[in-house]
Amino acid sequence: MAAPAEGEPFGSIAAAVRVAQGREATEAVIARLESFVRRGKADDGSGSGGDDLVSLARLLPPIGDRSATAGAVTELVMLAWKLLLRRACNRAVHDDEAGAHRQGGLSRSVLARLRSVLESPPSAAAAREACGVVQNVCFEEENIAVVAGEGALPPLLELIGQTVHAALAAAAAGAVQSIVFRHDGRVVARSTRASAVLCGAIRHGLSAWERALKPLDEAEEASGGAAASAGAAVAGSIRDTASETDT
């Protein structure tokens, strides 16, 4: 499959959607997404126009598909979302898809799809990138209540409590921290007994993370850095959840 032209705008994803809806093989979808992500990493995020994140959501495989291909596509879509969300205009949340299509940015349907990836990730790598998407969305403080209201916290807490991937635990805890940074997020966290889950992760998770039973990144795990990062992020989430500061 031919690579996109150098002049093709970073935010133009119509080609990827056409591939997904046409007859070309899934490998072609992956190739298009890989090219999209490569160009995105070279982009400085300073573009002024909004990008249609809704169309990228259409590339995601069905919920519950845990095949290797589903994992690869989901990870790439999450990476693309993360890159697009570096632009402030893309972090605007619209109530309907039509608004997101016209102006660029997020819709509540995109946030619901993000939650489904967190709830049923096809791979640990895809889950880790999805956690990064949450953090980028919450960079805008007004989005925190929306993200919490869309149910992102429970699957993040479950990832922290159940994973043996230290890097994934650190990413999930970082996403929780981005939510409980504001008062609205802390209210939701307390209603979901977040502190109890996080304290349990501190007690039971560190030894598993340090053993690196299923390393996501072997070099990182071997250094012990990911386990330390996970512990620090979980501890930070506990502290922020308990905070009474009205921010």
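Is C131 buried or exposed? Select C131 in this predicted model, and you will find that the residue counts as buried, because its relative accessibility is 0%. Move next to C138, which is also buried, with a relative accessible area of 6%. While the cysteines are displayed, note that a search of the whole structure finds 0 disulfides.

**Helix α4**

Now select residues 68-84, which make up helix α4. The helix has 17 residues and reaches 24 Å from its first C-alpha to its last, close to the 24 Å expected at 1.5 Å a residue. If you colour α4 by accessibility, the helix should appear mostly covered, since 12 of its 17 residues are buried. Show the side chains and look for the buried positions, which include V73, L76, V77, M78 and L79, together with W81, L83 and L84; A70, G71, T74 and A80 are also buried.

**From α4 to the salt bridges**

Side chains of opposite charge can pair when their charged atoms come close. In this model the count comes to 6 salt bridges, and the following stops visit some of them.

Begin with R91 and E140, whose closest N and O atoms are 2.8 Å apart in a salt bridge. R91 lies in the loop between α4 and β1 (93-94), whereas E140 lies in the loop between α7 (124-137) and α8 (144-149), so the pair ties together parts that are 49 residues apart in sequence. As you rotate the view, note that both R91 and E140 are buried.

Select E150 and R108 next, where the side chains meet in a salt bridge with an N to O distance of 3.0 Å. Because E150 sits in the loop between α8 and α9 (153-162) and R108 belongs to helix α6 (residues 108-119), this pair ties together parts that are 42 residues apart in sequence. E150 is buried, with a relative accessible area of 18%, whereas R108 counts as partly exposed at 32% relative accessibility.

**Along helix α6**

Stay on helix α6 and select R115 and E119, which are 4 residues apart and therefore separated by about one helical turn. Their side chains meet in a salt bridge at 3.4 Å, N to O. R115 is partly exposed, with a relative accessible area of 24%, and E119 also counts as partly exposed, at 47% relative accessibility.

For the last stop, display D95, R108 and E150 together, since these residues are joined into one network by salt bridges that share partners.

Technical notes
Residues are numbered from 1 along each chain as its sequence is written. This is a predicted model: local features need pLDDT of at least 70, side-chain atom pairs count only at pLDDT 80 or more; totals for chains, interfaces and linings use all residues. Side-chain values use heavy atoms; hydrogens and water are left out. Helices (H or I, at least four residues) and strands (E, at least two) are DSSP runs, numbered from the N terminus. The expected span of a helix is 1.5 Å times one less than its number of residues. Buried means under 20% relative accessible area, exposed over 50%, partly exposed in between (1.4 Å probe, protein chains only). A disulfide is a pair of cysteine sulfur atoms within 2.5 Å. A salt bridge is a side-chain nitrogen of Lys or Arg within 4 Å of a carboxyl oxygen of Asp or Glu.
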